[in-house]
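Student: I've got a model open on my screen and I'd like to learn how to read it. Could you walk me through a few features?

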Amino acid sequence: MKGLSLLSTPSMWLDGGLPKKISRMKIGQRVLELSIDNNPERIKELVAQPMEGIAVPGEKALRILVADRITENALQQLKSSDYDYEFQPEITAKELISSIGGFDALIVRGRTKVTKEVISAGGRLKVIGRAGVGVDNIDMEAAKARNIPVLNTPNALTNAVAEFTLGLMIDIARKIPGADASMKGQKWEKEKFSGSELKGKTYGTIGIGKIGQRVAELSRAFGMRIVANDVIPIPEELIKKLEIRVSTQEEVFSLSDFVDIHVPLTPETANLANYSKFKLMKKTAYLINTSRGKVVNEKELIRALDEQVIAGAALDVFEMEPPISFDLARYDNVVATPHIAGQTTEAQNAAGMEVVQLVMKALGSP
Ligand SMILES: NC(=O)c1ccc[n+]([C@@H]2O[C@H](COP(=O)([O-])OP(=O)(O)OC[C@H]3O[C@@H](n4cnc5c(N)ncnc54)[C@H](O)[C@@H]3O)[C@@H](O)[C@H]2O)c1
């Protein structure tokens, strides 16, 4: 049976400090009429427990908190399951800390920060699910210390991010966003918007994991040369198939017309793209980043743009999200988007469905 929570108004509860009777309880989405009056001991026992997740002895009450927006079909899986769940996509950090104690599992996307405090307040937390790839919004050390597995959906967003990256490359090279804004301003500025093609240019990626590889494949289809750097060996088969020039990080910056980044945010990758790297780039080259904002040093990127060290940048991710200042977005030669590379119906459905299945599997039967 699903987890139970009491539904009552405070007035019902006051009768010498104890409720006279508990007559309504919520079980999952249903409200059951119960009658346990004339049983003061049982009432005392129930009142002593927290409001959330009161369980009837002998029955299981596995509760899942969904703290970010996941797709309707993913929620539907929870609705039709025997788990009790709450969907609170706008829960604040403070609210999360105060309520997490009543849940066995937490499902998030990128919005919710699962801090050390959240994890230590989650006394009965057994698993954390992340619909998406990056787990940098989760304190992995704290989760590890409590033996709480963090399960993500590494494949669900790959194609969405890869196609979006190609879109950014074409947008920045062909000045499409600027041309569109100009038309919306009822102008016909044909001369202002000539661009360059991808064919025959060099695509360089720092990190050639799932997304980097997919972008490399798509870039190859556009007739580009591929250079790549990774900290792990790039499979021989892939090198052959895409005719990859395996390079140092510095070479990727200096050889490429599009320097693209597809690494996770780690202490090693933070500030990876900085002024000294921009100085290695061709003046005609673009920086593309859909990985994590902190991988690029924004202050130094602004300096490089001001000094025309590089031709421009296309960014889906920022050091602070939302950014404190929108300085980068104001540059004509910057295409900026609000962390939407993975936001397709297909990818979000896949990520939501997968994370719910992973979490339910990890919890075991309710
Ligand atoms: N913008 C979005 O909406 C969005 C969506 C999904 C993922 N992402 C980001 O994209 C990143 C990459 O995703 P993925 O699925 O390709 O991950 P992945 O793990 O398959 O690939 C990452 C690659 O980076 C390499 N790498 C790690 N550190 C490196 C370093 N210092 N130098 C060079 N290479 C290094 C790894 O060896 C690996 O091959 C994620 O970590 C996430 O931060 C963004």
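**Reading the sheet, a helix and the ligand shell**

Tutor: Happy to. Strands β7, residues 127–130, and β8 run parallel and are joined by three bridges. One pair to look for is Gly129, which sits opposite Leu151 of β8. Keep in mind that this is a predicted model.

Student: What order do the strands of that sheet come in?

Tutor: Read across the sheet, not along the chain. Here five strands make an open sheet in the order β5-β4-β6-β7-β8, with parallel pairing. β5 (84–87) and β8 (150–152) are the edge strands, each pairing on one side only. Leaving direction aside, neighbouring strands of the sheet are turned by 20° against each other on average.

Student: Which helix packs on the sheet?

Tutor: That's α14, residues 345–363. The helix touches β4 (63–66), β6 (105–108), β7 and β8, and its direction makes about 170° with that of β7.

Student: Let's take α9 next. Why should the twelve residues of α9 span 16 Å?

Tutor: Count 1.5 Å a residue, using one less than the number of residues. For α9, residues 210–221, that gives an expected 16 Å, and the end C-alpha atoms are 17 Å apart, so the two agree.

Student: Which residues of α9 are buried?

Tutor: For burial, you count neighbours: 20 or more other C-beta atoms within 10 Å makes a residue buried. In α9 that picks out Ile211, Gly212, Gln213, Arg214, Val215, Ala216 and Ser219. Across the protein, 39% of the 366 residues are buried.

Student: What do the buried residues of α9 pack against?

Tutor: Their partners are α7 (158–174), β9 (202–206), β10 (225–229), α10 (236–242) and β12 (258–261). Just after α9, have a look at Gly223, with its positive phi of about 85°.

Student: Now the ligand. How many residues surround the ligand, and which are closest?

Tutor: There are 32 around the ligand, and the closest are Gly207, Gly209, Ile211, Pro264 and Gly342. Ile211 is also one of the buried residues of α9.

Student: Which element gives the most to the shell around the ligand?

Tutor: α9 does, with three residues. Both α7 and α9 supply at least two each. By type, the shell divides into 14 nonpolar, 13 polar and five charged residues.

Student: And for the whole protein, how many helices and strands are there?

Tutor: The secondary structure comes to 14 helices and 15 strands. As for contacts between residues at least 6 apart in sequence, 61% join residues at least 24 apart.

Key: Residues are numbered from 1 along each chain as its sequence is written. This is a predicted model: local features need pLDDT of at least 70, side-chain atom pairs count only at pLDDT 80 or more; totals for chains, interfaces and linings use all residues. Helices (H or I, at least four residues) and strands (E, at least two) are DSSP runs, numbered from the N terminus. A residue is buried if 20 or more other C-beta atoms lie within 10 Å of its own, exposed if 12 or fewer, and partly exposed in between; C-beta atoms are placed from the backbone. Two residues are in contact if their C-beta atoms, placed from the backbone, lie within 7 Å. Two strands pair if DSSP finds at least two bridges between them. Axes are lines fitted to C-alpha atoms, for helices over the stretch in contact, and angles run from 0 to 180 degrees between N-to-C directions. A residue is near a molecule or strand if its C-beta atom, placed from the backbone, lies within 6 Å of it. Ala, Val, Leu, Ile, Met, Phe, Trp, Tyr, Cys and Pro count as nonpolar, Asp, Glu, Lys and Arg as charged, and the others, Gly among them, as polar.
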